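Got your viewer open? Load the model, switch to a cartoon view and get ready to click along.

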Amino acid sequence: MFRARARWWLLLLLVLVGGCRCGDDPNVGGASASFRPQQEVVDFGRVLEGTQARRSLTLVATGRASVTVDAVTDAPFFVVVSQIVVGGSGTGTVDILFSAGNTPVEGELVLTAGRTTTKVKLTGVGVRPLPCVPQGECRDSRFDLESGQCIESPLDDGASCIPSSRCQENGRCQAGVCVGQPRTCDDDNPCTVDSCSPTQGCVTANVACPVPSNPCKVGVCDRNEGCKEADVADFSPCGAVSCKAAQVCFSGTCRSVTPPDGFVCAPATPCQDEGTCSAGECVRPDAGDLEPDFSAELGGAPVAEDGGPVLLVDDGTVYVSVCGEDAGCWLAAYTESGLLRYESPYEDGGARTLLAVSDEGVVVLAPEALEAYAPRGVGELRWRTSLAFADAALDGGDGVPGTTGAGRVALTKEGDVLTYVTWSEDAGTEPLRSRLVLLSADAGVPLAMGPEEDGGGAARLAVDDTRGAYLYTPWDGRLAFTDQAPPEMSTDGGTLMAFGDASGDGGIASLSLETLDAGVPGGAPSLALASGRLLVGTRAFLDTDGGVLTALDWDAGTRTLSPLSEPVLMSPGGAAGHAFALSCDHTDGTPCVDAELRTVLRSFSSDDGHFFSEVDVLPSPVLPGVFHEAALLEQNTMGVLADAELLNGQRQAWLEWIAFGNKLNQCSLPGRVEVAGAVFAGDLLYVALRRDGVWWLESYPVGGRAESRGWPQRNASPAGTRLE
C-alpha cells in the first residue's frame, strides 16, 4: 500500500515538472527564451532645440525561442513602438525619439521580458541655435550644430535678395552686392511731394504752397490748378482782437469791426472753453489744469548741454538722455503714448547730451566724440567718431580732440551729420582752430571736410536741403555758405564727392566755404532759415544769397532789451521773424536782478526789420519767472511754455497761447514743478519736469499743430535737425 502511494506522488511530481515553462515564450526543443541589448548607452548627441532625433537600439535573442520585450522610458525620450518581438536566435529593434530642449539631459530605457529587466542609459544635449544674421548683403548665415557657431557663405549671382535701401526693389545678387531696381514713388498728384527714404521707403508730404502776405488768404493746392490762394473762414482773426475792436477776415479782406455780444474773443483751449464778448468785455469761464495725455517716470534726471535740447521727437518717438544716481546714464526712448521703447546704457556710464535725431540715428555728444544710437530696436550704439579733426590728427599725429555741440550739429535730409568743430593747438589754450566736417549717417566716417580756419567757438548751422548749408560764426560776424551736391560713388563703392570738390585724400571730399557779402558782427549764436530768408544773430534779416541786410528794431525806448540767442522762429513764408529778449526797466544803467527781469516776445517784419508787436510772455505780471520753450502753431498762433516763482518759493508752469501781440489764454500744468526742458511736436507739448522730487516725462495737448515748415521750435524741426 505504501509503495503504491509513493509511485503515485512520484508520477504527480513528474507531471508537474514536465508542465513547467521556464521561458517567456514557447520554446523549441526545451530551450529557454531571453534577450540582451547590444548597447549599454544610447547617445543622441547635439540636437537643435525644438526638433526630434531618432536612434535605434538592437536587441539580441539569447535563445532559440522568440521573446516579447516591453520598452518604457520618460520624457523627453519616447519609444516609437513599446512592444518588440525578437525572433529566436535573431534580433529586434527599439526605435527611440529625443525631443530636444536647450539643456543636456539623461534618461533610462527600461526593457522587460517576463522576469528579465534590463536598463539602457539615454543621453542627449539640446542646443539653442544662435540668431544667425548675415553681416552683409548677398550673404547667407546658418547655425552649425557641431561647432555651435554661425557660418556665413556668399549667395550665388542672380539669387534674390532684399536691398539695404527701401528705395530699391527686386534685388538680385551681383558680385556679392544686392542690386535692385529704383522704386517708383510718384503718386501722380501735383499736390504732393513724393520722395524715398532709404529706411522708410516711399514718403509723401503735401506741397508747401507759398504763404500769402494777406493774413486773410491761405495757400492751397488744387490737383488741376496747382497752388493758389483761397479765403480763410470769415471771422478768422487777422490782427488784434478785443471786445472793443477786432480785426477779422471777411471774404478774404481784413476788416476792423466792433464785436457784438457773443463774439468769440478768445479761442477754446484744452483747459478752458472759449471766451465771448459781453458789454465790451471778454468773459471767459474758469480755467482748470491741463490734463497730461501720459506721465512716465524717467528713473533719473534728464541731462542736456546748456542751451541744447532736453527732448527730441522724431517719427512718433520721444528721446531723452537720463542719468541716475548710481545707475550711470542712458538714452531712453518712449512712444508718443508714453510707453518705454528702450533704455540703452552708455558704454562708460557717463553723461551724453542730445544733439539731433532722424530715422538714421540719435546723435549725441560724448566726451571728445560724437555717437549715434539706433532709433529703434534696443537703441544699440551704431558708431562713435572722435572729434580730433585737426590736420595733425588726420595725418596720424597726436591731435587734440575738438568740441562741438548744440547748434553746431545739423543733419542733411539723408541723415548725414554736418558739424562745426573747434579745438586748440595745445589743450585748453589759445589760439583756437576750427573746421566744418560732414560725417556719414550709417558709419560716422568723414565724407567731406572744410579747411582748417583760425578762430573758433560758438557757431550756428542751418541746412537748406535743396541748396546747401549756412554757417554763422558770431565772433567774427561771418555768414558762409557751402554748396550741397549729392555724393558721387566710385566704381568700388567709395565716396568721391560730397558737398564740394573731390580730393585725393582717402576719398574724403573737400568742403569749400563761400563767405557771403553781408556779415553780422556782434550777433548772438542763432540762425534761422525759411523761404529764402535768414534771421542771423537776432540782429538782421538777410536773403540767402547774403544780400539785403535789414536790421531788427530792438530800440526799447526807456528800457534795456537783451535778445536771447534762442529760440528764434521764422514764419513758414519767411515774412516774419520772432525772437525773445530779457527786459530791464532800469534807466540809470544799473543791471536788473533776476526778480526784476521780464521776458518779452517781439515779432518783426523781414521786409524792413520793424517790429509788429511785443508781449510779456511770463505767466504772472508781478511774479518773476522763467521762459522755457516756444513754437509756431497753426493760425498765426504761438505756443509758449513759461513758469512763475510763487511767493512760497515753489514754481508753477503754464502753457500760453499768443497771437498778434495778444496773450489769448493760458493753462497751468498740474502741481508745483521744476521744468528741465520741453519740445512742441505735432499737436502735443512734451515736458521733462520734476514733481515731488521725482522726474517725469509728460505730454499735454496743445489744441493745434506745431508748424512743420520754417522753424517751429528751438533746434528746428520736430526731428531736432536744422532744416528749412
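Here is a tour that goes from the whole chain to single side chains.

**Before you click**

You're looking at a predicted model, where local features need pLDDT of at least 70, side-chain atom pairs count only at pLDDT 80 or more, and totals for chains, interfaces and linings use all residues. Residues are numbered from 1 along each chain as its sequence is written, and side-chain values use heavy atoms, with hydrogens and water left out.

**Stop 1: the whole chain**

Colour by secondary structure: the chain has two helices and 62 strands. Helices (H or I, at least four residues) and strands (E, at least two) are DSSP runs, numbered from the N terminus. Of the 724 residues, 46% are buried, where buried means under 20% relative accessible area, exposed over 50% and partly exposed in between, with a 1.4 Å probe and protein chains only.

**Stop 2: a core built from strands**

Select Leu 57, Val 94, Ile 96, Leu 109 and Leu 111. In the largest nonpolar core, which has 23 residues, these touch the most other members. Such a core is a set of buried Ala, Val, Leu, Ile, Met, Phe, Trp, Tyr and Cys residues joined through side-chain atoms within 4.5 Å. Strands giving two or more residues include E2 (41-48), E7 (91-99) and E8 (104-113), but E3 gives the most, with four residues.

Now zoom in on Leu 57. Which residues does Leu 57 touch? Leaving out residues up to four places away in sequence, they include Pro 37, Val 42, Val 94, Leu 109 and Val 120; a contact here means heavy atoms within 4.5 Å.

Next, jump to Leu 641, Leu 664, Leu 685 and Val 687, which are among the members of a second, separate core of 22 residues.

**Stop 3: two open sheets**

Select 527-551. You'll find an open sheet of four strands in the order E47-E48-E49-E50, paired antiparallel. Two strands pair if DSSP finds at least two bridges between them. The edges are E47 (527-530) and E50 (550-551), each pairing on one side only. In the middle, four bridges join E48 (residues 533-536) to E49 (residues 540-543), and Leu 534 stands opposite Leu 542 in E49.

Then select 264-283 for an open sheet of three strands, E22-E23-E24, again with antiparallel pairing. Its edge strands are E22 (264-266) and E24 (281-283). E22 and E23 (residues 275-278) pair over two bridges, with Val 264 opposite Thr 276 in E23.

**Stop 4: aromatic rings**

There are 10 aromatic pairs to hunt for. Rings of Phe, Tyr and Trp (its six-membered ring) pair if their centres lie within 6.5 Å; planes under 30 degrees apart count as stacked, over 60 as edge-to-face and the rest as tilted.

Try Phe 235 and Phe 250: they're edge-to-face, 4.8 Å centre to centre, with 75° between the planes. Then show Phe 294 and Tyr 686, whose centres are 6.3 Å apart and whose planes are at 45°, so this pair is tilted. Phe 294 is in E25 (residues 294-297) and Tyr 686 in E61 (residues 684-691), so the pair ties together parts 392 residues apart in sequence. Are these two rings buried or exposed? Phe 294 is buried at 7% relative accessible area, and Tyr 686 is buried at 3%.

**Stop 5: Ser 699**

Finally, select Ser 699, in strand E62 (residues 694-701). Ser 699 is buried, with a relative accessible area of 0%. Among the residues Ser 699 touches are Phe 294 and Tyr 686, the rings from the last stop, as well as Pro 292 and Leu 685.
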